[in-house]
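Work through the exercises below with the sequence and the coordinates open. Try each task before reading its solution.

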Amino acid sequence: MKTIVLGPPGTGKTHTLLEQVETYLKNTDPDKIGYFAFTKKASNEARERAMKKFNYSEDDLPYFRTLHSLAFKRLGWDKTKVMQKRHYEDLGKKIKIPIDYNDWDEEETGLFTTKSDYLRIIHLAKLRNIKLDQQFDLKEHNQKLEYDKLVIIANELEIYKKEYGLKDYNDMILEFTKSENAVPKFDVVFIDEAQDLSLMQWNMTRSIWGKTKDSFIAGDDDQAIFRWAGADVDSFITQKGKILELKESVRVPKVIHEFAPQLFQRLGNEINLSFEKKHKVIIDRFGRYPHRNKILGRDSSAEELEFLTQPNSSF
């Protein structure tokens, strides 16, 4: 069964998942539990809590990690065979087109950071499973680019990887998803920070769910901050399953919410001030965003339905 945990910041989504982890650990072998998060910080928090509660060692909980870390571990990859900053720089010198790439981030999110819009387009097209020209036509790049040059760089990149026996982190996710042996079989899987997963990572989670009895997914589409890096929020908000909605924030006192408009006013940020005021009116009235009810499978009250007929009732 799939359970989807929804809620704005501070409502206890991660805490709710961790409570479920504790429940399952009472009757489930720890290596049959997968806890995957977008950031290493979140997966480590879950592992440390389980270690403390049940006196486990880190080795007892091998599947509390990021999705990229899971793929790396299961495929038995060697980092020396993964494209790094020096490889992209070397490729740029060979084709006489300066390109750069920051090394693998410590959070193991798989975020691809580069100053080269050419590389970024190549990366995003792969993440979104679309053709190069489709990504180019989205015009998400900031620099003036030549499509012919983009095609040359994309082709030369594949030639370079093949020549030196290298792969990138997108290749890793794709290989994991296609490998029957790489995907572990779990009794239960937890996915935290789900709103930040890319389409490629969603495909990876689906391959995991195919061998899993129960699953829990937590996130909030309003907290999606990595759209620029390929986060596929639509895959999150269209998930089907039992909805567990958390409404009350335990992180931010109400007085802070009351103070926020004053802060925006003082900073002179009229756009954010206007946006905050509109959101606050809706939350104060309904405790949620009615325009999200349909896509989340929630029933709307008569008052919400009447509200949704009004102009500017959604964002």
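## Exercise 1: An aromatic pair

Tyr24 is buried, with a relative accessible area of 18%. The model is predicted.

**Task.** Classify the ring pair Tyr24 and Phe216, and place both residues in the fold.

**Solution.**
- Start with burial. The cut-off for buried is under 20% relative accessible area. Tyr24, at 18%, is therefore buried. Phe216 has 8% relative accessibility, so Phe216 is buried as well.
- Next, the rings. The centres of Tyr24 and Phe216 are 6.0 Å apart. A pair needs centres within 6.5 Å.
- Then the planes. They stand at 80°. Angles over 60 degrees count as edge-to-face. The Tyr24 and Phe216 pair is therefore edge-to-face.
- Now the location. Tyr24 belongs to helix 1 (residues 13-25) and Phe216 to strand 5 (residues 212-219). The two are 192 residues apart, so the pair links distant parts of the chain.
- Finally, widen the view. Tyr24 and Phe216 share one aromatic cluster with Tyr35, Phe64 and Phe190. The whole structure holds 11 aromatic pairs.

## Exercise 2: Strand 5 and a charge over a ring

**Task.** Is Ser215 buried or exposed, and which residues does Ser215 touch?

**Solution.**
- Ser215 lies in strand 5.
- Its relative accessible area is 5%, so Ser215 is buried.
- Leaving out residues up to four places away in sequence, Ser215 touches Met1, Lys2, Thr3, Val189 and Trp209.
- Two of these contacts, Lys2 and Trp209, also interact with each other: the charged end of Lys2 sits over the Trp209 ring, 4.2 Å from its centre.

## Exercise 3: A residue of helix 1

**Task.** Which residues does Leu18 touch beyond its sequence neighbours?

**Solution.**
- Leu18 is in helix 1.
- With a relative accessible area of 3%, Leu18 is buried.
- Its contacts, not counting residues up to four places away in sequence, are Tyr35, Glu45, Ala46 and Arg49.
- Take Glu45. Leu18 and Glu45 are 27 residues apart along the chain, and their C-alpha atoms are separated by 9.1 Å.
- Take Tyr35. This residue also belongs to the aromatic cluster that includes Tyr24.

## Exercise 4: Helix 3 and its cover

**Task.** How many residues of helix 3 are buried, and what covers them?

**Solution.**
- Count first. Of the 9 residues in helix 3, 7 are buried, and the helix is mostly covered.
- Name them: Leu67, His68, Ser69, Leu70, Ala71, Phe72 and Leu75.
- Find the cover. It includes strand 2 (33-37), strand 3 (64-66), helix 8 (169-178) and helix 9.
- Look at helix 9 (residues 199-209). Its axis is 11 Å from that of helix 3 (residues 67-75), and the two pack at about 60°.
- Classify the angle. Roughly perpendicular begins at 65 degrees, and roughly parallel requires under 35. Helix 3 and helix 9 are therefore oblique to each other.
- Give the hand. The crossing of helix 3 and helix 9 is left-handed.
- List the contact. Helix 3 contributes Leu67, His68, Leu70 and Ala71, while helix 9 contributes Gln201, Met204, Thr205 and Ile208.
- Check the end. Gly76, just after helix 3, takes a positive phi of about 65°.

## Exercise 5: A second helix pair

**Task.** What is the hand of the crossing of helix 4 and helix 7, and which residues meet there?

**Solution.**
- Helix 4 (residues 85-95) and helix 7 (residues 147-164) have axes 11 Å apart and pack at about 120°.
- That angle makes helix 4 oblique to helix 7.
- The crossing of helix 4 and helix 7 is right-handed.
- From helix 4 come His87, Tyr88, Asp90, Leu91, Lys94 and Ile95. They meet Ile153, Glu156, Leu157, Tyr160 and Tyr164 in helix 7.

## Exercise 6: Positive phi outside glycine

**Task.** Where does Lys96 lie, and where does Lys139 lie?

**Solution.**
- Recall the background. Most residues other than glycine have a negative phi.
- Lys96 has a positive phi, near 60°. Lys96 lies in the loop between helix 4 and helix 5 (117-128). At 73% relative accessibility, Lys96 is exposed.
- Lys139 has a positive phi of about 55°. Lys139 lies in the loop between helix 6 (132-137) and helix 7. Its relative accessibility is 63%, so Lys139 counts as exposed.

Key. Residues numbered from 1 in each chain as written. Predicted model: local features only at pLDDT ≥ 70, side-chain atom pairs only at ≥ 80, totals over all residues. Heavy atoms only, no water. Phe/Tyr/Trp six-rings, centres within 6.5 Å; stacked < 30°, edge-to-face > 60°. Helix = DSSP H or I, 4+ residues; strand = E, 2+ residues; numbered from the N terminus. Buried < 20%, exposed > 50% of the residue type's maximum accessible area, 1.4 Å probe, protein only. Lys NZ or Arg CZ within 6 Å of the ring centre and 35° of its normal. Contact = heavy atoms within 4.5 Å. Axes fitted to C-alpha atoms, helices over the stretch in contact; angles between N-to-C directions. Parallel < 35°, antiparallel > 145°, perpendicular 65-115°, else oblique. Left-handed = near helix turned anticlockwise from the far one by under 90°.
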